[in-house]
Each structure stands twice: as C-alpha cells, then as structure tokens.
Amino acid sequence: MHATVTVPGSKSLTNRELILAALADGPSRLIAPLHSDDSARMVDALRALGVGIEFEPGNGKYGDDIVVTPVWPLRGGTEVDCGQAGTVMRFAAPLGGFASGDVTMTAHESALHRPMGAMITALRDVGVDIDDGGHWALPFIVRGHGHVRGGEVTIDASASSQFVSGLLLAAPRFDVGIHLVHSGARLPSTPHIDMTVEALAHRGVHVERPATGEWIVPAGAIRGKDVAIEPDLSNAAPFLAAAMIAGGSVSVTGWPAHSTQPGAMLTEILTLMGAKVVRRGGALTVTATAGGIQGVDLDLSAAGELTPTIFALAAFADTPTTLYGIGHIRGHETDRIAALSAELRNLGGEAHELEDGIRVVPRPLHGGRWHAHHDHRLATTGALIGLGVPGIEIDDIGTTAKTMPQFPELWQRMLDADGAPGALQPEAMRAS
C-alpha cells in the first residue's frame with residue numbers, strides 16, 4: 001500500500017486542555033480538538049458543573065473548535081457520567097471539590113472496575129469530602145464546598161498516571177497548591193505526566209520537580225488562552241504499523257517535531273522492529289523493508305497504550321517478542337493482556353501472559369472472530385491482524401468511536417488508496 005492519513009486530535013491533550021480551560025482566569029479556545037466519545041464525556045461533565053462550552057467553526061478537518069468560558073464556583077447538585085473515560089474519572093473528580101454542593105460521579109457499568117481507590121484517598125488527604133459508601137470505587141459523591149485546601153499528599157499511582165495528572169491539573173486552584181509524592185515502586189506512562197506539566201506551563205503554572213516522583217504546584221492563576229491540539233500519535237499507530245504488515249508505506253501528516261505524547265516513541269520502536277521511518281515535511285512515513293518484522297524485548301512502561309499495536313506486529317515477526325512493564329494495562333477498558341492473549345490463541349497463535357507483560361511467539365494464523373472487548377485498541381488490533389490473515393471478523397469495530405469515530409472510514413480509505421488487501425467490509429464494520 002501507499003497511503004497518506006490525517007488522524008484527529010489527541011484525546012489526552014484535548015481532555016487536559018478542557019480541564020485547564022474550565023479552571024482558567026478567562027475564556028479559552030481549543031483549536032482542532034478531538035471529537036469522540038471520551039471528549040464528549042468531558043464536555044458533558046464540565047457543562048454539568050456549570051462551565052460554558054460552545055462549538056465554533058475552525059480550520060480543523062474533523063470538527064469545530066471548542067470555546068470554554070469558566071465559572072466560579074462550579075455548580076453542585078449535579079451528576080457527572082464518566083462513561084468509559086478514565087480521564088474524566090480521574091480529572092473531573094477533583095473539580096467536584098470546587099462545586100457549591102454535591103456532585104455524583106458515576107460511569108458505565110463496564111468501567112466501574114477501573115481503579116479509583118488511590119485517587120479517593122489522595123483527594124480526601126487534600127480536603128475533598130467524598131462519600132464512596134466504603135467501596136473505594138465509582139460511583140461516589142463529592143460533597144463540594146466551593147474550595148479545596150490542598151497541601152502535602154502521598155499517592156501510589158502504580159495503577160494509573162492519571163491519578164497524578166488529575167491532581168496536578170486542579171492544584172493551582174487549591175487554597176495552598178499541592179506537594180505531591182508518588183510512593184509506588186513504579187510509575188507508568190510518565191510521558192502523560194510530562195504532558196500535564198507542559199500543558200500547565202503553557203498556561204503560566206510552573207511545576208517544580210525536586211525529585212523523581214515528586215511535584216510541587218503553587219496556588220495561582222491558570223491563564224485562559226488559545227491552544228492548538230496535536231494529532232493523536234497513539235491513534236496513528238495502527239495506520240503506521242499497517243505498512244509493515246501489508247508492505248509499502250504509510251504517511252501520517254502533522255507529525256510534531258516535539259511531543260510529550262507516548263506515541264512519539266513509535267519512531268524508535270518501529271525502527272527497532274525493522275521498518276524504515278522518516279520524518280519529512282511535517283509527515284512521518286513508515287515503509288516496510290525486505291528484512292520483515294523483527295521481534296523485540298521491549299519495556300513499554302512509558303507507553304502502555306501502544307501495546308496492542310506492537311502486539312499485532314509481533315504476531316507477524318520473524319522471532320518472538322516480549323513486552324514488559326505493562327501490568328497496569330490490565331486495568332484499562334478491559335484486561336488488555338488477557339484479552340490480547342486469548343484472541344490471538346483463538347486464531348491459532350501463541351501468546352503467554354506474564355506477571356508484568358506478554359510474550360508472543362509467531363505462529364501461522366487462521367481466520368476467525370476477533371472480539372473487541374468494548375476496547376477501542378483491541379478493535380484496531382483486530383484490523384491489523386486482518387491485514388495479514390484472511391477471514392478476520394471484528395465483532396464491534398464501532399468501539400473505536402471512544403477515541404476515533406473516523407477509524408473505519410480512515411482505514412478503508414487507506415486500503416482503497418492502493419487496492420490493498422484486508423479492507424474492512426461493511427458487514428464487518430457494523431457494531432454488533
């Protein structure tokens with residue numbers, strides 16, 4: 001194949017900027033933001049808290065700009081439905097403390113298992129009044145008093161870096177800011193924390209980092225401003241990996257020269273796995289090579305969200321692959337380690353669950369049904385497997401709407417660009 005793809009904006013950046021805009025000292029405009037299930041949940045959450053949000057035409061290819069007008073204090077006597085969005089659970093919960101009344105935090109039944117206990121403990125430590133009924137999980141009630149004390153707090157964020165980001169994003173509005181220390185053995189997805197720190201810096205908030213796993217945020221103003229959202233580099237991963245499975249090359253436009261997104265690691269990872277990777281003219285191009293796909297031993301603790309894509313490549317590699325440092329992805333939309341292993345074995349493949357990772361031994365695969373497990377990244381993994389194996393049917397490609405509603409259309413367009421094999425057929429694209 002020979003195709004060029006433009007992917008929508010970053011979910012991680014969009015939802016961080018929505019939170020900061022809601023807490024800012026004046027209006028903000030998000031330019032070319034992501035419009036997806038997750039970002040819609042965040043918009044609905046902020047509107048429920050009284051924040052003014054309007055959609056206005058912009059130059060983005062995938063929808064309007066978002067204009068945010070903050071209010072203070074936030075509205076109480078309301079409910080926030082997080083759906084399946086981890087960023088809404090972890091980022092909106094602190095905002096409940098700024099409300100003038102109770103805020104009920106809930107989520108889709110398939111997401112109630114997602115870790116929240118450490119966040120509840122930390123919020124109580126900084127003065128947020130939470131009634132969780134003693135079960136340390138959603139749903140719970142935040143009894144807002146219009147302000148949050150803040151101060152020193154220790155948290156074990158081993159289960160999710162979003163715990164740290166959620167506290168840092170709200171910290172400038174705490175009465176005394178925050179001095180936050182991570183107490184766990186390992187902190188996953190550190191690029192996402194770097195992203196949070198950088199987003200705060202762009203709005204005039206300086207975060208001190210006196211030591212690894214320690215952050216100090218002073219109380220102060222968050223500037224309202226216009227912010228352009230980068231393309232979602234992790235959502236670009238399946239398209240770039242497609243070239244390595246099908247042959248040829250795929251280019252993704254708008255690739256930033258610098259990014260805190262974990263997807264920026266793709267340039268190094270895909271090169272290590274045997275591709276030719278070139279960034280030129282603002283686009284990143286991945287080209288398959290005669291050497292094929294190479295197996296790797298890879299620590300993905302900083303970019304666990306790339307695991308499903310790397311897993312798909314590993315299924316077609318010349319040698320086995322071990323991915324480690326990713327135990328935390330068992331707590332995502334589904335247990336991704338268990339689900340990926342089971343789905344590959346159902347197709348005749350060999351995958352072994354490890355305590356902190358997964359090992360893939362390449363084997364000949366056959367067609368069959370690939371279950372998405374209500375997980376957008378499992379669905380895109382099935383699409384990748386389908387490029388190299390005839391007869392793959394994905395049971396719910398529609399779950400990609402969580403972070404990229406355009407995925408089926410973009411995938412089809414990429415394949416149609418060159419008559420490439422493995423195109424998604426309409427009956428396989430339909431959500432069951």
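**Two cavities and a buried lysine**

In this predicted model, the second largest cavity comes out at about 90 Å³. Its lining takes in 14 residues, and those lying nearest the centre are Ser234, Asn235, Pro238, Arg377 and Thr380. Two elements, helix H7 (233–246) and H11, each give two or more residues to this lining, with H7 giving the most, at four residues. Sorted by class, the lining of the second largest cavity holds seven polar, five nonpolar and two charged residues.

The count of cavities of 30 Å³ or more comes to two, and the largest of them has about 390 Å³ of space. There are 32 residues in its lining, and Lys11, Gln162, His192, Glu305 and His332 are the closest to the centre. Helices H1 (11–22), H3 (86–92), H6 (190–202) and H11 (376–388) are the elements that supply two or more residues to the lining of the largest cavity. As for chemistry, that lining splits into 17 polar, 10 charged and five nonpolar residues.

Then there is lysine 402, which sits in the loop between strand E21 (392–394) and helix H12 (407–416). Lysine 402 counts as buried because its relative accessible area is 4%, under the 20% cut-off. Leaving out residues up to four places away in sequence, lysine 402 touches Ser36, Asp37, Asp38, Gln84, Ala85, Glu333 and His376. Of these partners, alanine 85 is 317 residues away in sequence, yet the C-alpha to C-alpha separation from lysine 402 is 8.1 Å. The side chain of lysine 402 also makes a polar contact with the side chain of aspartate 38, at 2.7 Å, and a polar atom of the lysine 402 side chain lies 3.4 Å from the backbone oxygen of glutamine 84.

Technical notes
Residues are numbered from 1 along each chain as its sequence is written. This is a predicted model: local features need pLDDT of at least 70, side-chain atom pairs count only at pLDDT 80 or more; totals for chains, interfaces and linings use all residues. Side-chain values use heavy atoms; hydrogens and water are left out. Buried means under 20% relative accessible area, exposed over 50%, partly exposed in between (1.4 Å probe, protein chains only). Contact means heavy atoms within 4.5 Å. A polar contact is a pair of N or O atoms within 3.5 Å; within protein, one must be able to donate a hydrogen and the other to accept it, and residues adjacent in sequence count only if both atoms are side-chain atoms. On a 1 Å grid over the protein atoms alone, a cavity is a set of points where a 1.4 Å probe fits but cannot get out, and a pocket is an open set with protein on both sides within 12 Å along at least five of seven lines; lining residues have an atom within 4 Å of a point. Grid points are joined across faces, edges and corners, and a volume is the space filled by probe spheres set on the points. Ala, Val, Leu, Ile, Met, Phe, Trp, Tyr, Cys and Pro count as nonpolar, Asp, Glu, Lys and Arg as charged, and the others, Gly among them, as polar.
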